Amino acid sequence: MNIKAAIFSAIAVLGTLGLLWVGYQGMDSQQREHEEDEETEQAREQPEMREHDAVRAIKQRGDILSLDQILRDARGQHTGRVLDSELEQKDGRYVYEVELVDDQGRVWEMKFDARTGEVLREKQGD
Amino acid sequence: MEQGEVRVWDPFVRIFHWLLVLLFTLAYVTGEDWLSLHVNAGYAVFGLVLMRVLWGVVGTPHARFSDFVYRPSRVIAFMKDTLALRARRYLGHNPAGGAMILLMLVSLLLVSVSGFAVYGIEKGAGPLAMLAGSGESLEKVFEEVHEFFANFMVLLVVVHIAGVVVESLIHRENLVKAMLNGRKRARDEE
């Protein structure tokens, strides 16, 4: 076998396996996030239970609005059901990422500034 | 090696091809939900494409761009011949196959780089982490580019498979097998 082709092949295979391995390992932490999502889903019936402890702690410091407060406004435009919500810290500010489905069955991906409730983005998903 | 067969596709060309099939499929199905695996599959795709471009310059004869990049007029003439089921047989890539390779390489580069950009802006991570905080509107542009070229790749894959099937039938050879074992019939029987 051509030595150059052997070297290229080895790099391609080992590089791919290495990257996929690292990617797979990285999923552990995301998996945990998903489990937390499920917890919040179970708590959805009781709005005060919706947010995770850490989120509640930040909220209690008065830095951010509660998701319920923000969604009350958002529901005005898109009445519907929340599929998924996440609080993220981005460039030092808190952003809620919310996925909701409206009465027409359309899915919306919304982002809100957690401090002001301002809509940062509104995108119709697939 | 059976009699009358020659080695056409070197090991790297074949490994590149099938790894790409695996990685693109993986990246396409994982998407945002399994981000860590999705992003790493994207890095692997990007790396493989760069290696393939280099291999197109220093690789074995049929792997080189000089072997399969034809003028657009030749590509169009070849596709017309194919539709008339009288396309000439090429031992390496035919002109339409060569054009498909270029389209796919460019699309894959655009998909991966736009993906890095979205990742950089949204999560402040990856090779384009310096784009963090460039704003929602720029992120949206890269997201659209990323999604468009990912779906465009799916279209190219469908056309590619159709082309392989048609050429295989016209010349009564199994091109999928050739991409697995690297060998093709040396000469077209008259």
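**Reading a helix residue, a set of strands and a contact**

Tutor: Let us begin with A:Q25, which lies in helix α1 of chain A, a helix of residues 3-42; keep in mind, as we go, that this is a predicted model.

Student: Is A:Q25 buried or exposed, and why?

Tutor: The general idea is to count neighbours, since a residue is called exposed if 12 or fewer other C-beta atoms lie within 10 Å of its own. In this structure A:Q25 has 12 other C-beta atoms within 10 Å, and therefore it is exposed.

Student: How far apart are A:Q25 and A:V98 in sequence and in space?

Tutor: They are separated by 73 residues in sequence, while from C-alpha to C-alpha the distance in space is 26 Å.

Student: How many bridges join strand β1 to strand β2 in chain A?

Tutor: To read a pairing, look for the bridges and for the direction of the strands. Here β1 (residues 80-90) and β2 (residues 93-102) of chain A run antiparallel and are joined by ten bridges, with A:Q89 standing opposite A:Y94 of β2(A).

Student: Which strand does β2(A) join through seven bridges?

Tutor: That is β3 of chain A (residues 107-113), which runs antiparallel to β2(A), and there A:F112 is the bridge partner of A:Y96. In the hairpin of these two strands, four residues lie between the strands, and A:G105 has a positive phi near 85 degrees.

Student: How many residues does each chain bring to the contact?

Tutor: Chain A brings 23 residues and chain B brings 25. On the side of chain B that touches chain A, α2(B) gives the most, with 13 residues, and the residues of that side divide into 18 nonpolar, five polar and two charged.

Conventions:
Residues are numbered from 1 along each chain as its sequence is written. Chains are lettered from A and ligands numbered from 1 in the order in which they are written. This is a predicted model: local features need pLDDT of at least 70, side-chain atom pairs count only at pLDDT 80 or more; totals for chains, interfaces and linings use all residues. Two strands pair if DSSP finds at least two bridges between them. Two residues are in contact if their C-beta atoms, placed from the backbone, lie within 7 Å. Ala, Val, Leu, Ile, Met, Phe, Trp, Tyr, Cys and Pro count as nonpolar, Asp, Glu, Lys and Arg as charged, and the others, Gly among them, as polar. A residue is buried if 20 or more other C-beta atoms lie within 10 Å of its own, exposed if 12 or fewer, and partly exposed in between; C-beta atoms are placed from the backbone.
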